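User: I would like to learn how to read the overall fold, the ligand sites and the enclosed spaces of a model. Could you take me through them one at a time?

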Amino acid sequence: MKVDVLLGLQWGDEGKGKVVDVLTPKYNVIARFQGGPNAGHSLEFNNTRHVLHTIPSGIFRENAINIIGNGVVIDPVIFKKEIDALMALGVDVKKNLFLSKRANLILPSHRILDAASEAFRGKSKIGSTLKGIGPTYMDKTGRNGLRIGDIISSNFKEKYDALVEKHRQIIQLYVYEYDLAPYEKEWFEAINLIKEFNLVDSEQLINEYILSGKNILAEGAQGTLLDIDFGTYPFVTSSNTICAGACTGLGIAPNKIGEVFGIFKAYCTRVGSGPFPTELFDETGSALQKYGNEFGSTTGRARRCGWLDLPALKYAIMLNGVTQLIMTKPDVMDNFNTIKVATAYNINGKETQILPFEVNDEIVPVYIEFKGWKTSLTSFNAPEQLPSAFVEYVKFIEKEVQVPVTIISVGPGRDQIIFR
Ligand code: GDP
Ligand code: IMO
Ligand code: MG
């Protein structure tokens with residue numbers, strides 16, 4: 001069997017956690033391939049909201065195997081908190097969760113470096129989640145990192161101390177006050193917990209699963225516009241969030257990729273700094289934030305909101321080879337009289353559908369307007385029930401991007417889903 005990939009097409013928070021949870025019964029294995037605890041994937045069942053940061057969103061389904069791949073960066077302290085919460089709910093994490101030995105570790109000093117770097121940038125800060133993501137991937141590509149497989153080696157503490165010493169010297173350049181001690185204690189306790197888990201060569205395991213015909217879904221984190229190569233650089237994260245990241249982040253050959261599910265909100269949000277051409281600063285933006293409950297799952301920060309951006313969506317579809325689209329949160333606009341979609345950008349008097357190298361204030365979106373459907377979508381579960389004004393909106397998007405919208409999510413709950 002091939003590996004299907006589900007990933008975000010915007011600036012993250014498209015609803016990946018919810019939809020992976022819904023799709024998990026169709027899969028034997030769910031695998032995260034990049035990012036780390038900067039992610040916050042929420043899913044809801046029995047009227048309770050759960051937020052996962054490092055652990056794949058298949059963990060609540062009894063028979064699913066969950067893998068944290070080599071491309072992920074792990075903060076042991078955050079991992080332990082997630083594990084404690086899952087165990088309290090009776091989830092058998094030790095049986096169903098596998099960690100790649102090649103996944104890099106986020107050290108307490110990586111978090112300090114992240115904070116020091118952001119403080120140094122001042123007004124031009126990235127708006128990082130401050131989880132140490134950037135510094136950890138820097139150490140990975142700089143060939144200094146510590147990996148999960150290192151924790152069982154006899155000289156792990158020596159390796160740790162050597163890397164922390166290097167970090168101390170860099171932090172000095174920033175002139176930043178810090179105290180590692182309190183976090184370090186928790187960190188080593190959490191390392192001991194990780195030793196009790198299945199630490200594996202996950203690339204071998206996944207390829208064995210592929211050969212034996214298991215259904216595998218790779219779960220992306222962040223979104224395409226936060227990709228280190230193709231996002232709105234430098235306001236991006238530090239990993240490849242696009243489909244190619246699933247190959248390097250799990251050790252799967254490109255010809256083993258099957259369906260690519262691209263997930264997008266019926267509007268746009270962004271948390272942190274950086275350009276956002278269709279951002280709204282008016283009542284409509286506030287309404288999207290209010291009805292969409294647009295507050296970060298990881299940091300609690302308010303998410304910036306705006307209209308759907310088709311040039312950016314097309315770009316993301318191209319980069320990922322999306323075969324099926326999943327739309328989330330149209331229900332947030334149930335009461336809207338009109339709904340806009342950007343179909344092009346006007347840059348210095350010229351119209352284009354291409355996201356330029358530099359996304360800046362010179363971009364003026366060109367909008368098309370739709371009549372609102374003014375119907376609550378939240379209890380619908382079959383395509384025939386959908387109001388015609390909404391279907392028109394979906395069909396317009398499909399025609400523009402030339403990929404079918406096969407799944408529509410109409411609320412945070414597990415059963416608020418429509419397969420078309
Ligand atoms: P992720 O990072 O892509 O997993 O997304 P987040 O969990 O950070 O943010 C998505 C938010 O929207 C969460 O609070 C979800 O519970 C919620 N959500 C997901 N799908 C829908 C939907 O179709 N409608 C509504 N109203 N909320 C949704
Ligand atoms: P999920 O998986 C939304 C944003 C941060 C910041 C930038 C860099 O839940 O969709 P980092 O901590 O990676 O150095 O931050 O990326 N960011 C996210 N925004 N959803 C996420 O993950 C994000 N992960 C990082 O806000 O702008
Ligand atoms: Mg999120």
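The dialogue below goes from the chain as a whole to its ligands and then to its cavities and pockets.

Analyst: This is a predicted model, in which local features need pLDDT of at least 70 and side-chain atom pairs count only at pLDDT 80 or more, while totals for chains, interfaces and linings use all residues. Residues are numbered from 1 along each chain as its sequence is written, chains are lettered from A and ligands numbered from 1 in the order in which they are written, and side-chain values use heavy atoms, with hydrogens and water left out.

User: How many helices and strands are there in the chain?

Analyst: Helices (H or I, at least four residues) and strands (E, at least two) are DSSP runs, numbered from the N terminus. Here the chain has twelve helices and 20 strands. Its radius of gyration is 21 Å, close to the 22 Å that the globule rule gives for 420 residues, so the chain is as compact as a globular protein of that length; the radius is taken over C-alpha atoms, and the rule is 2.2 Å times the number of residues to the power 0.38. Along the principal axes, the C-alpha trace spans about 65 × 50 × 40 Å.

User: Which residues come nearest to ligand 1, and which polar contacts should I look at?

Analyst: A residue is near a molecule if one of its heavy atoms lies within 4 Å of it, and a polar contact with a ligand is a pair of N or O atoms within 3.5 Å. Ligand 1 has 19 residues around it, of which Lys16, Ser42, Ser297, Asp331 and Ser409 come nearest. A side-chain N or O atom of Asp331 is 2.7 Å from a nitrogen atom of ligand 1, and a side-chain N or O atom of Arg303 is 3.1 Å from an oxygen atom of the ligand. Taken alone, ligand 1 exposes 580 Å², of which the protein buries 95%, with areas from the Shrake-Rupley method and a 1.4 Å probe. Helix H1 (16-23) and strand E3 (41-45) each supply at least two residues of this shell, and the largest share, three residues, comes from H1.

User: What surrounds ligand 2?

Analyst: Of the 20 residues around ligand 2, Asp13, Lys16, His41, Thr129 and Thr237 come nearest. Oxygen atoms of ligand 2 lie 2.7 Å from a side-chain N or O atom of Lys16, 2.7 Å from a polar side-chain atom of His41 and 2.9 Å from a polar side-chain atom of Arg301. Ligand 2 taken alone exposes 550 Å², and the protein buries 97% of that.

User: How many cavities does a search of the whole structure find, and what lines them?

Analyst: On a 1 Å grid over the protein atoms alone, a cavity is a set of points where a 1.4 Å probe fits but cannot get out, whereas a pocket is an open set with protein on both sides within 12 Å along at least five of seven lines; lining residues have an atom within 4 Å of a point. Grid points are joined across faces, edges and corners, and a volume is the space filled by probe spheres set on the points. The search finds two cavities of 30 Å³ or more. The largest has a volume of about 40 Å³, and its lining includes Leu9, Gln10 and Cys268; strand E14 (308-309) and helix H11 (310-320) each give two or more residues to that lining. The second largest cavity holds about 30 Å³, with Trp11, Pro277 and Tyr345 among its lining residues.

User: What is the volume of the second largest pocket?

Analyst: The second largest pocket has a volume of about 270 Å³, and of its 14 lining residues, Gly231, Thr232, Tyr233, Pro356 and Phe357 lie nearest its centre.

Notes
A polar contact is a pair of N or O atoms within 3.5 Å; within protein, one must be able to donate a hydrogen and the other to accept it, and residues adjacent in sequence count only if both atoms are side-chain atoms.
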